Amino acid sequence: MTISLQNAMKIGGLRDCRVIAGYQGLDVEISYVTIMEVPDIVQWLKGNELLLTSLYPIKDDAKAQQQLIQQLHNQGTSALAIKPNRFVENIPMPILEEAEKYGFPVIEIPERISYLDILSPVMNTIFDRKVVLQEDLEEAYRLLNEVSLNESGIHHLIDMLTHLTKHNIAIESLVSFVDTPLISSSFQDFKYQQIEELEHVQRPIRLTRKNHQGETISCITAPIIVDGTLYGAISSWDQTNDHIEADLAILERASSVLALEFMRKKVRYEVELQYKSDFFRALFKGNIDKTKDLEEKAKAYNILPERQYICCAIYFELTNTTDTFLTDHLTKLEMIIHQIETRAVIGMMHNVLYILYPTNGKGEEKALVDLQRFIREFEKMFAKTPYAGTGRVSGNNFIELQETFEQAELALSISRSLKLQDSQLVHYDDLGVYRLLAQMGQNEEMIKFYNETIGILADYDEKHNLELIRSVEEYFYNNESVSSAAEALYIHVNTLKYRLQKVRALTGYSFQDSEGKLMIQLGLKIGHFSSNDYRFR
């Protein structure tokens, strides 16, 4: 059953819309109303659709905007209704010009009119089943409200949704506290752009996804949103039959029911998370003499010293964090690390993420490669490179487990102090003399040592702008090659020789003497460390 666009303009929210281009196409017939929120939706259109869009997927792509009308016309789409103001201030002129060229109707949707104001009335008219549809939905809602989030409940829900929509159904969890080992997803993981889109739209939309065989599938995905964050999704697809309004309404109600269940699980997880953080604090910072009691609690969190862990400490600086940050993100990070290593244990204290990563059966080198992989996934999630430090492999006891934690903390501390984000993962064994400096802190003797060496050069540089400190750093960095250091500084070799002589004159330490070089190098290390040490900023 169809309806002409001219008649559709008299129904629901379309009554307040206006045709602004392609008037000669008003007699075109409409079979479906669908929404464009992804850039490649055109290939999935079947023809005779009224397409609603905010132009969000192509808001910054002028070429895609210019090609859109021709693509829709070739696909047999009936008309395009655009809602400006939010992502584009006005409907782009190339779209209007192309619409006139092809006689393709373009409709402007006022800001106060929602998609549902158009979609529901038009689809009800097309299918002429408003009363029956309402009865079906009320029965579907009643059944959905009886579902609880346990293994049988999830399977029952999938069976119910499959029966109600006559489509394939998959339910996915993006959080660790609702693990659906119960349900194997038919799809590959969501892309980060898809997650952002679902969190932004917060209603069922059409997505193009790939299954585990790499095949592309067009589906309707209803997000499960808790506190504005995507915690899971329900996807529905069918290669032969398209979705109707009732399907969208059922999927949206099902996602709302699941959101409540996810919220209940989240509250329980937050309590468990606090207990886990308290245990981490006791394990790593407390007295571990009571080994038996510690062993029992450790087993409850799947921590077994014989697995010979590496501790990795990760720090990230984020603005506008909320009270739900831990559960919103920690659970997703937990899922990522468990995809790499199921025996890994994750916890958090003072905005530092700690990972106990087992090495038995794989070795330290492979464990470090896995942790680097996790950090890359971390970067994708937060669009920011974190600071990270790791300790040595622990032995088969809690004392050495505590030692690897302390080493990871120190490596992280120095990573932050020296701003070593680019190197990503800083290992305790690679810290060199900074391990000693970090243990000493900024005590009086260290400051005095600095003032007697590099401090003298810093004062001279400030007054004369001679770059003595930078010259010394380049000299040591180039393994005491005067010519290489001069080239790096873009100065003549004789100029660098003069500067090095000036350093000797000011400090009394010669670069020809091993003791003198050691004093200057230590001064540089102290200066670099103490001036950047985040703990004293």
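**Cysteines, cores and a five-stranded sheet**

Cys311 is buried, with a relative accessible area of 0%. The structure described here is a predicted model. The cysteine sulfur closest to that of Cys311 belongs to Cys312, at 7.2 Å. A disulfide requires two cysteine sulfur atoms within 2.5 Å, so the sulfur of Cys311 is too far from that of Cys312 for a bond. Cys17 is likewise a buried residue, its relative accessible area being 9%. Across the whole structure, the search for disulfides returns zero.

The largest nonpolar core is made up of 45 residues. Ile234, Ile314, Leu353, Ile355 and Phe374 are the residues with the most contacts inside this core. Helix H8, spanning residues 245-285, supplies the largest share of the core, namely eight residues. Two domains contribute at least three residues each to this core: domain 2 (151-266) and domain 3 (286-431). A second core, of 38 residues, lies apart from the largest one and includes Ala64, Ile95, Leu198 and Ile205. In soluble globular proteins, nonpolar side chains tend to be buried together.

The surroundings of Ile314 can be listed in detail. When residues up to four places away in sequence are not counted, Ile314 touches Asn351, Val352, Leu353, Ile355, Phe374, Ile375, Phe378, Pro386, Tyr387, Ala388 and Leu412. Among these contacts, Leu353, Ile355 and Phe374 are also named with Ile314 as residues with the most contacts inside the largest core.

An open sheet is formed by five strands, arranged in the order S13-S14-S12-S15-S16 with mixed pairing. Strands S13 (345-349) and S16 (425-427) lie at the edges, and each of them pairs on one side only. From one strand to the next, the twist averages 25 degrees. Helix H8 packs on the sheet, where it touches S13 and strand S14 (352-358). The direction of H8 makes about 90 degrees with that of S13.

At one edge of the sheet, S13 and S14 run antiparallel and are joined by five bridges. Within this pairing, Val345 has Leu356 of S14 as its bridge partner. The two strands form a hairpin with two residues between them, and His350 in the turn has a positive phi of about 55 degrees. Although S13 is an edge strand, five of its five residues are buried. The burial extends to both faces of S13: Val345, Gly347 and Met349 are buried on one side, and Ile346 and Met348 are buried on the other.

At the other edge, strand S15 (residues 387-390) and S16 run parallel, with three bridges joining them. Ala388 is paired in a bridge with Leu425 of S16. Ala388 is also one of the residues touched by Ile314.

Two further loop residues have a positive phi. Leu55, a residue other than glycine, has a phi near 65 degrees. Leu55 lies in the loop between strand S5 (49-53) and helix H2 (62-75), and at 0% relative accessibility it is buried. For Asn85, also a residue other than glycine, phi is near 90 degrees. The loop that holds Asn85 runs between strand S6 (79-82) and helix H3 (93-102). With a relative accessible area of 42%, Asn85 is partly exposed, whereas Leu55 is buried.

Note on methods:
Residues numbered from 1 in each chain as written. Predicted model: local features only at pLDDT ≥ 70, side-chain atom pairs only at ≥ 80, totals over all residues. Heavy atoms only, no water. Buried < 20%, exposed > 50% of the residue type's maximum accessible area, 1.4 Å probe, protein only. Helix = DSSP H or I, 4+ residues; strand = E, 2+ residues; numbered from the N terminus. Core = buried A, V, L, I, M, F, W, Y, C linked by side-chain atoms within 4.5 Å. Domains from an automatic or database assignment. Contact = heavy atoms within 4.5 Å. Pairing = 2+ DSSP bridges. Axes fitted to C-alpha atoms, helices over the stretch in contact; angles between N-to-C directions.
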